[in-house]
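User: Please walk me through this model. Short answers will do.

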Amino acid sequence: MAELIVFGVFMIISFILGAYVGQKVVKGENIEINPIKVIDEYKEEKKIKEKIAEEESKFDIMMNNIDSYDGTGIGQKDLR
């Protein structure tokens, strides 16, 4: 079972590296492969996307609260 997990992780890493190198080739940029750096950049990009999604969600709740405001707290959602 552990072998399957390790093999799956290697497949995912290989896919990410392949996509990274492919994008570099298409853009005509210099190819420098550093798997640690690629994974760190991917994690940072993922954190940024999650932060943006969270902010958009809060904005949507605020707009919904403004639209449903009738002078009372009924129908208002929390921004947690």
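Analyst: This is a predicted model. Asparagine 65 is a good place to begin, and it sits in helix H2.

User: Is asparagine 65 buried or exposed?

Analyst: Buried means under 20% relative accessible area. Asparagine 65 falls below that cut-off, so it counts as buried, with a relative accessible area of 11%.

User: Which residues does asparagine 65 touch, not counting residues up to four places away in sequence?

Analyst: Asparagine 65 belongs to helix H2. Leaving out residues up to four places away in sequence, its contacts are Gly75, Gln76 and Lys77.

User: What end-to-end distance should helix H1 span, at 1.5 Å a residue?

Analyst: Helix H1 covers residues 2–27, which is 26 residues. The expected span is 1.5 Å times one less than the number of residues. The C-alpha atoms at the ends of H1 are 38 Å apart, which agrees with the expected 38 Å.

User: What phi does glycine 28 take just after H1?

Analyst: Glycine 28 lies in the loop between H1 and H2. Just after H1, its phi is positive, at about 75°.

User: Is glycine 28 buried or exposed?

Analyst: Exposed means over 50% relative accessible area. Glycine 28, in the loop between H1 and H2, passes that cut-off, so it is exposed, at 64%.

User: How far apart in space are glycine 28 and phenylalanine 59, C-alpha to C-alpha?

Analyst: In sequence, glycine 28 and phenylalanine 59 are 31 residues apart. In space, their C-alpha to C-alpha distance is 39 Å.

User: Which element gives the largest share of the lining of the largest pocket?

Analyst: The largest pocket has a volume of about 210 Å³. Ile16, Tyr20, Gln23, Val38, Glu41, Tyr42, Glu45 and Lys49 line it. Two elements, H1 and helix H2 (35–67), each give two or more residues to that lining. The largest share, five residues, comes from H2.

User: How many charged residues are in the lining of the largest pocket?

Analyst: Among the lining residues are Glu41, Glu45 and Lys49. By class, the lining has four nonpolar residues and one polar residue, and the charged ones number three.

User: How many salt bridges does a search of the whole structure find?

Analyst: Side chains of opposite charge can pair when their charged atoms come close. The cut-off for a salt bridge is 4 Å between nitrogen and oxygen. Over the whole structure, the search finds three.

User: Which residue forms a salt bridge with lysine 24?

Analyst: Lysine 24 is buried, with a relative accessible area of 17%. Its partner counts as partly exposed, at 39% relative accessibility. The closest N and O atoms are 3.1 Å apart, and the partner is glutamate 29.

User: How far apart, N to O, are lysine 49 and glutamate 45 in their salt bridge?

Analyst: These two are four residues apart in helix H2, so about one helical turn separates them. Lysine 49 is exposed at 53%, and glutamate 45 is partly exposed at 44%. Both residues also appear in the lining of the largest pocket. Their N to O distance is 3.3 Å.

User: What is the N to O distance in the salt bridge of lysine 58 and glutamate 54?

Analyst: Lysine 58 and glutamate 54 are four residues apart in helix H2, so they too are separated by about one helical turn. Lysine 58 is partly exposed at 27%, and glutamate 54 is partly exposed at 42%. Their side chains meet with an N to O distance of 3.7 Å.

Terms used:
Residues are numbered from 1 along each chain as its sequence is written. This is a predicted model: local features need pLDDT of at least 70, side-chain atom pairs count only at pLDDT 80 or more; totals for chains, interfaces and linings use all residues. Side-chain values use heavy atoms; hydrogens and water are left out. On a 1 Å grid over the protein atoms alone, a cavity is a set of points where a 1.4 Å probe fits but cannot get out, and a pocket is an open set with protein on both sides within 12 Å along at least five of seven lines; lining residues have an atom within 4 Å of a point. Grid points are joined across faces, edges and corners, and a volume is the space filled by probe spheres set on the points. Ala, Val, Leu, Ile, Met, Phe, Trp, Tyr, Cys and Pro count as nonpolar, Asp, Glu, Lys and Arg as charged, and the others, Gly among them, as polar. Buried means under 20% relative accessible area, exposed over 50%, partly exposed in between (1.4 Å probe, protein chains only). Contact means heavy atoms within 4.5 Å.
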